[in-house]
Amino acid sequence: MLAGFRDRSQSRKGRVLLAALCLMSSLAYADPPPLSERLVEIREIGRFTPDKALVQLLRLEDVARASPPATKAEFLYQLSVARRNIGQHMDGLALAEEVIAMGRAGKDNTITSKGLIAKAVTGQKGPADEDMVEEYLVRLGEQGEQVRTNFSDLPDEEVVDLSW
């Protein structure tokens, strides 16, 4: 028999409780996951509940805007998509333009492409009128001579190389 403990289960419960408290306190002081990981989680949330994703993105805005360009671009892209998905098309379009400008300023094609994709999926019609459409078709016709559609003047080996 133990001198100080009549019921061993009480001491065991105390030790388990103490261990649980220590574990919980260490988790409370743990660093939050990096912003890039949080953005991945929010992207998945945004696929099904864009309003919840938007709330989470807005909480991260100050930190995300001060982050490196790639992370900032991902944040702005997700914010643009979330705004679009809840019906705020013009806000989403403005954020997409911000991503494009950031990519062009940094000469980063990946960021620029991300912004162009965000802009393309907003579903907004551009300011095209009949003059613009006509100018586009004229330019397309002028460039037609530069596009090769007849490969008969190429040797067979080059045609085979082009196909692979």
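Here are some questions and answers about a predicted model of a helical protein.

User: What does the protein have in the way of helices and strands?
Analyst: Let's start with the order of the elements, which from the N terminus on reads α-α-α-α-α-α-α-α. No strand turns up in the tally, and the count comes to 8 helices and 0 strands.

User: What share of the residues in the protein is buried?
Analyst: Buried here takes a relative accessible area under 20%. The protein has 164 residues, and the buried ones make up 23%.

User: How much of the accessible surface belongs to carbon and sulfur atoms?
Analyst: The accessible surface of the protein adds up to about 12700 Å². Of that, the portion on carbon and sulfur atoms is 57%.

User: Which way do α2 and α3 run relative to each other, roughly parallel or roughly antiparallel?
Analyst: Helix α2 covers residues 35-48 and helix α3 covers residues 50-65, and their axes come within 8 Å. The axes cross at roughly 155°, and an angle over 145 degrees counts as roughly antiparallel. The crossing is also left-handed. So the verdict for α2 and α3 is roughly antiparallel.

User: How many nonpolar residues are in the contact of α2 with α3?
Analyst: On the α2 side, the residues include L35, L39, I42, I45 and F48, and they meet α3 residues including A53, L57, L60 and V63. By class, the contact of α2 with α3 has 2 polar and 2 charged residues, and the nonpolar count is 11.

User: Is L57 buried or exposed?
Analyst: L57 sits in helix α3. Leaving out residues up to four places away in sequence, L57 touches L39, I42, F75, Q78, L79 and A82. The C-alpha atoms of L57 and I42 are 7.5 Å apart, with their positions 15 residues apart along the chain. With a relative accessible area of 1%, L57 is buried.

User: At roughly what angle do the axes of α4 and α5 cross?
Analyst: Helix α4 takes in residues 69-85 and helix α5 residues 89-105, with axes that come within 7 Å. The two helices are roughly antiparallel to each other, and their crossing is left-handed. The axes cross at roughly 160°.

User: How many charged residues are in the contact of α4 with α5?
Analyst: From α4 the contact draws on residues including K72, R83 and R84, and from α5 on residues including D91 and E98. The residues of this contact divide into 9 nonpolar and 3 polar, and the charged ones number 5.

User: Is E74 buried or exposed?
Analyst: E74 is found in helix α4. Setting aside neighbours within four places in sequence, E74 is in contact with L39, R43 and K114. Its relative accessible area is 12%, and the cut-off is under 20%, so E74 counts as buried.

User: What is phi of K107 near?
Analyst: K107 is in the loop between α5 and α6, and with a relative accessible area of 76% K107 is exposed. Most residues other than glycine have a negative phi. K107 is a residue other than glycine with a positive phi, near 55°.

User: What percentage of contacts between residues at least 6 apart in sequence join residues at least 24 apart?
Analyst: Contact here means heavy atoms within 4.5 Å. Taking contacts in the protein between residues at least 6 apart, the portion joining residues at least 24 apart is 47%.

Methods: Residues are numbered from 1 along each chain as its sequence is written. This is a predicted model: local features need pLDDT of at least 70, side-chain atom pairs count only at pLDDT 80 or more; totals for chains, interfaces and linings use all residues. Side-chain values use heavy atoms; hydrogens and water are left out. Helices (H or I, at least four residues) and strands (E, at least two) are DSSP runs, numbered from the N terminus. Buried means under 20% relative accessible area, exposed over 50%, partly exposed in between (1.4 Å probe, protein chains only). Accessible areas come from the Shrake-Rupley method with a 1.4 Å probe; for residues, only the protein chains shown count as cover. Axes are lines fitted to C-alpha atoms, for helices over the stretch in contact, and angles run from 0 to 180 degrees between N-to-C directions. Angles under 35 degrees count as roughly parallel, over 145 as roughly antiparallel, 65 to 115 as roughly perpendicular and the rest as oblique. A crossing is left-handed if the near helix is turned anticlockwise from the far one by less than a right angle, and right-handed if clockwise. Ala, Val, Leu, Ile, Met, Phe, Trp, Tyr, Cys and Pro count as nonpolar, Asp, Glu, Lys and Arg as charged, and the others, Gly among them, as polar.
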